[in-house]
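The questions below concern how helices pack and where the backbone departs from its usual geometry in one model. Each answer works toward a single value or name.

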Amino acid sequence: MALQGKVALVAGASRGIGADIAKYLAAAGACVGVAARTQEVRDRRLPGTIHSVTQEIVDAGGTALAVTLNMRDTESINAAVETVVAEWGRLDILVNNAAIFVPGNLETVQERHIDLSLNVNLRGYMMSMRAAIPHMRAAGGGHIINISSRGAIPLGPGPYNEEQRSRRSDIFYGAEKIALEHFSQRQAAMLQEDNISVNLLSPQGRIRTPGNLYASNDPENPDLNFESADQMGKATVWICEQPPQALTGNVLYDNEVCEAHGL
């Protein structure tokens, strides 16, 4: 129970990577705010809600609270942070995992989807950090973990091969993650004196989560053979076990962390 007495808020925790991270944090002793929009299942391709994940944690002996959170809405973000602090009196860990992938190309994508992508994948992370930092400072420090992606790795100069060109449907996601990595490292430098670490954690490869399979999944007969993000959960706990000033500003990959530290 290495995180006993710590309080965490995990954004985007109703399913997939976020849900598994929340479960691992709770198993390590943290009180966990399971935060997302989904309160009931409306699409068979996207099973899981903040209530079902919270119940799983409680059934396993952990402590959790379902928290409604819309990462597009600053008021919702602020309210989610305040709900967790009101429940447990502090906030030590923030994991930003909520994300949306908008496929297509720049000429055909709708403007509202551009705004949606930027608001969820970048602005929402900034606003949740802004809401959380004063509480972490009051607690004497903390850990912020922003979930990134290998999509953030630039293609580099062309001409491009077939595999590189196959990624052309990623209009915004990779670019938003690059911006997130730069922003996070700047914040890590600024918050170091407050004993608050800011790190980025990315899956080493594809994880078959509901969100990852959504676009290609048959809505009438969905493939529900999802993978657990165990390595992401273990790596998150390991990061939160480290002294904040000793580990900050890193872009980490789940498999590498687990292999390096025997997790």
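Q: Which residues in α8 do I17, D20, I21, Y24 and L25 in α1 meet?
A: The model is a predicted one, and in it helix α1 spans residues 16-27 while helix α8 spans residues 230-241. By class, the contact of α1 with α8 has 7 nonpolar, 2 polar and 3 charged residues. On the α8 side, the residues that I17, D20, I21, Y24 and L25 meet are D230, M232, G233, K234, T236, V237 and C240.

Q: Is α1 oblique or roughly parallel to α8?
A: Two packed helices are described by the angle between their axes and the distance between the axes. For α1 and α8 the axes are 8 Å apart and the angle is about 50°. Because angles under 35 degrees count as roughly parallel and 65 to 115 as roughly perpendicular, that angle makes the arrangement of α1 to α8 oblique.

Q: Is α1 roughly parallel or oblique to α2?
A: Helix α2 covers residues 50-59, and its axis comes within 10 Å of the axis of α1, crossing at roughly 25°. Because angles under 35 degrees count as roughly parallel, this crossing makes the arrangement of α1 to α2 roughly parallel.

Q: How many charged residues does the contact of α1 with α2 have?
A: The contact is made by A19, A22, K23 and A26 of α1, together with V53, E56 and I57 of α2. Sorted by class, it has 5 nonpolar residues and no polar ones, and the number of charged residues is 2.

Q: Which residues in α4 are met by T74, I77, N78, V81, E82 and V85 in α3?
A: Helix α3, residues 74-88, packs with α4 at an angle of about 35°, the axes being 9 Å apart, and the crossing is right-handed. The residues of this contact divide into 6 nonpolar, 5 polar and 2 charged. Those that the named residues of α3 meet in α4 are R123, G124, M127, S128, A131, A132 and H135.

Q: Where does α4 bend by about 45°?
A: Helix α4, residues 111-138, has 28 residues and reaches 40 Å from its first C-alpha to its last, which is close to the 40 Å expected at 1.5 Å a residue. A residue of α4 that meets α3 is also the site of the bend. The bend of about 45° in α4 is at R123.

Q: Which peptide bond is cis, with omega near 5°?
A: Most residues other than glycine have a negative phi, and most peptide bonds are trans. The place to look is the loop between β5 (142-147) and α5 (162-165), where P159 lies. The cis bond runs from G158 to P159.

Q: What is the phi of N195?
A: N195 lies in the loop between α6 (173-191) and β6 (196-202). Its phi is a positive value in a residue other than glycine, near 65°.

Technical notes:
Residues numbered from 1 in each chain as written. Predicted model: local features only at pLDDT ≥ 70, side-chain atom pairs only at ≥ 80, totals over all residues. Heavy atoms only, no water. Axes fitted to C-alpha atoms, helices over the stretch in contact; angles between N-to-C directions. Helix = DSSP H or I, 4+ residues; strand = E, 2+ residues; numbered from the N terminus. Parallel < 35°, antiparallel > 145°, perpendicular 65-115°, else oblique. Contact = heavy atoms within 4.5 Å. Nonpolar A, V, L, I, M, F, W, Y, C, P; charged D, E, K, R; others polar. Expected span 1.5 Å × (residues − 1). Bend = angle between axes of the 7 residues up to and from the residue. Left-handed = near helix turned anticlockwise from the far one by under 90°.
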